[in-house]
Amino acid sequence: MDKKRILSGITSTGKLTLGNYIGALQNFVKLQDEFEMYIFVANLHGITMPIEKEVLRNNIKTIVALYFACGLDPKKANVFLQSDVSEHSELGWILTCNTTLGELQRMTQFKDKSAKAKASNGTDFIPTGLLVYPALMAADILLYDADYIPVGADQKQHVELTRNIAERMNNKFGPLFKMPEVYTPKVGARIMDLQDPTSKMSKSAKNEKGVIFMLDDAATIQRKIKSAITDSDNLVHFDPENKPGISNLMTILSAITGDGLDKIESNFSGKDYGVFKQAVADAVTNLLTPIQERFQTLYNSTEVDNYLMAGAANAKSVASKKLNKVKNLVGLNYRRK
Ligand code: ATP
Ligand code: MG
């Protein structure tokens, strides 16, 4: 039987965070033995908001090296840059034309990000890309007839929209697209900011103190976790509503070590937060140090470019067939039905 397909990507908007790792990247690596993988750097999504070209280039280069440093194996996974497979943009446009303004304006990420953009630049400069990018994301997914989309919880709404667009297209033009399903980790689908544990940890956050970056050194990780906002109960107990800071640190520890939340509670019963935070910092450091070592070698390796070229070629062969079928059924290829 053919292997089921997985597709996912990370946007080149900044330095990757522990949230990106636990919510998405960790699953990419876990799934690569069992599934046919298409993993890309979402660099077209990465220009949704203004970004300096040197920063963009470096973000892309860093994500690529981190993908492989985390264990993505180029023999198992097709890793590529979104902009190297132009079918993404082409299908993106066709799907944009089949998506309503209302649907896009309802996306919570659009509401959050446009509000933040307004607050930070003080103008109404909201690029249209910020609104329409979920239609491009739908194209990313539907081009490959992907079965599962490993992402964090914040992307569920966009995968839901993708399903709605797919269903609409299938009803209108005949069977075109497979219905994708979201695949989130059981623990850690939404890692929170350490300084504001009611907001998601994000690579484009303004305050870096609340964000653990995958390339932070051990001392920085230690400092950020020690100064994470908690409460004054001195009780390691999972209660996201009333104890968001401690619950977030427990989630991080659980996602990394595999220990259940109950076990963590009992391991730290009677111990103060200092001891608990030290254990979280150690777990994060032990996770990231070997990844960072491999990253150093991969960052300037030209081998990586070969992996990307091969990945893009494989992706393109799947994507171009699909795009052609869409063009036929939509009527763009006017000679064919
Ligand atoms: P940005 O602030 O630019 O949107 P981001 O940190 O949200 O950056 P994305 O590139 O949008 O990163 O997302 C990449 C993947 O990481 C997605 O699957 C997303 O769901 C996941 N992800 C992002 N942040 C978290 C988080 N805090 N916890 C779990 N998963 C996350
Ligand atoms: Mg995001």
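Helix α3, residues 87–96, is mostly tucked away in this predicted model: seven of its 10 residues are buried. The buried ones are Glu87, His88, Leu91, Gly92, Ile94, Leu95 and Thr96. So what sits on top of them? The cover includes strand β3 along with helices α6, α7 (156–173) and α12 (303–330). Two of those neighbours, β3 and α6, are worth a visit.

Start with strand β3, which spans residues 77–81 and holds asparagine 78. Asparagine 78 has a relative accessible area of 12%, and because the cut-off for buried is under 20%, it counts as buried. Which residues does asparagine 78 touch, once its neighbours within four places in sequence are set aside? They are Met37, Tyr38, Ile39, Gly311 and Asn314.

Now hop over to helix α6, residues 128–142, where you'll find proline 134. Its relative accessibility is just 2%, so proline 134 is buried too. Leaving out residues up to four places away in sequence, proline 134 is in contact with Leu104, Met107, His158 and Leu161. For a sense of scale, take glycine 245, which is 111 residues from proline 134 along the chain: their C-alpha atoms are 30 Å apart. Past α6, in the loop that leads to β4 (148–150), comes aspartate 145. Aspartate 145 isn't a glycine, yet its phi is positive, near 50 degrees. With 24% relative accessibility, aspartate 145 is partly exposed.

Time to zoom out. The chain splits into domain 1, made of 5–184 plus 301–330, and domain 2, covering 208–296. Their C-alpha centres are 29 Å apart, and the contact draws on 13 residues from domain 1 and 14 residues from domain 2. How much area do the two domains bury between them? About 1200 Å², with 78% of it on carbon and sulfur atoms. On the domain 1 side, the residues that lose the most area to domain 2 are Lys15, Leu18 and Ala69, which together account for 41% of what that side buries.

Next, have a look at how helix α8 (residues 218–226) meets helix α11 (residues 273–299). Two packed helices are described by the angle between their axes and the distance between the axes. Here the axes come within 9 Å and cross at roughly 145 degrees, and the crossing is right-handed. On the α8 side, the contact is made by Ala218, Ile221, Gln222, Ile225 and Lys226. Helix α11 brings Lys277, Gln278, Val280, Ala281, Val284, Thr285 and Leu288. Sort the residues of this contact by character and you get seven nonpolar, three polar and two charged.

Finally, follow the chain into the loop between α8 and α9, where asparagine 234 sits. Asparagine 234 has a positive phi of about 55 degrees, although it is not a glycine. Its relative accessible area is 41%, so asparagine 234 is partly exposed. The loop between α8 and α9 (244–257) also holds phenylalanine 238. Is phenylalanine 238 buried or partly exposed? Its relative accessibility is 29%, so it counts as partly exposed. Not counting residues up to four places away in sequence, phenylalanine 238 touches Ser247, Met250, Thr251, Leu261 and Glu265. Lysine 209, 29 residues away along the chain, has its C-alpha atom 23 Å from that of phenylalanine 238.

Notes. Residues numbered from 1 in each chain as written. Chains lettered and ligands numbered in written order. Predicted model: local features only at pLDDT ≥ 70, side-chain atom pairs only at ≥ 80, totals over all residues. Heavy atoms only, no water. Helix = DSSP H or I, 4+ residues; strand = E, 2+ residues; numbered from the N terminus. Buried < 20%, exposed > 50% of the residue type's maximum accessible area, 1.4 Å probe, protein only. Contact = heavy atoms within 4.5 Å. Axes fitted to C-alpha atoms, helices over the stretch in contact; angles between N-to-C directions. Left-handed = near helix turned anticlockwise from the far one by under 90°. Nonpolar A, V, L, I, M, F, W, Y, C, P; charged D, E, K, R; others polar. Domains from an automatic or database assignment. Buried area = accessible area lost by both parts, 1.4 Å probe.
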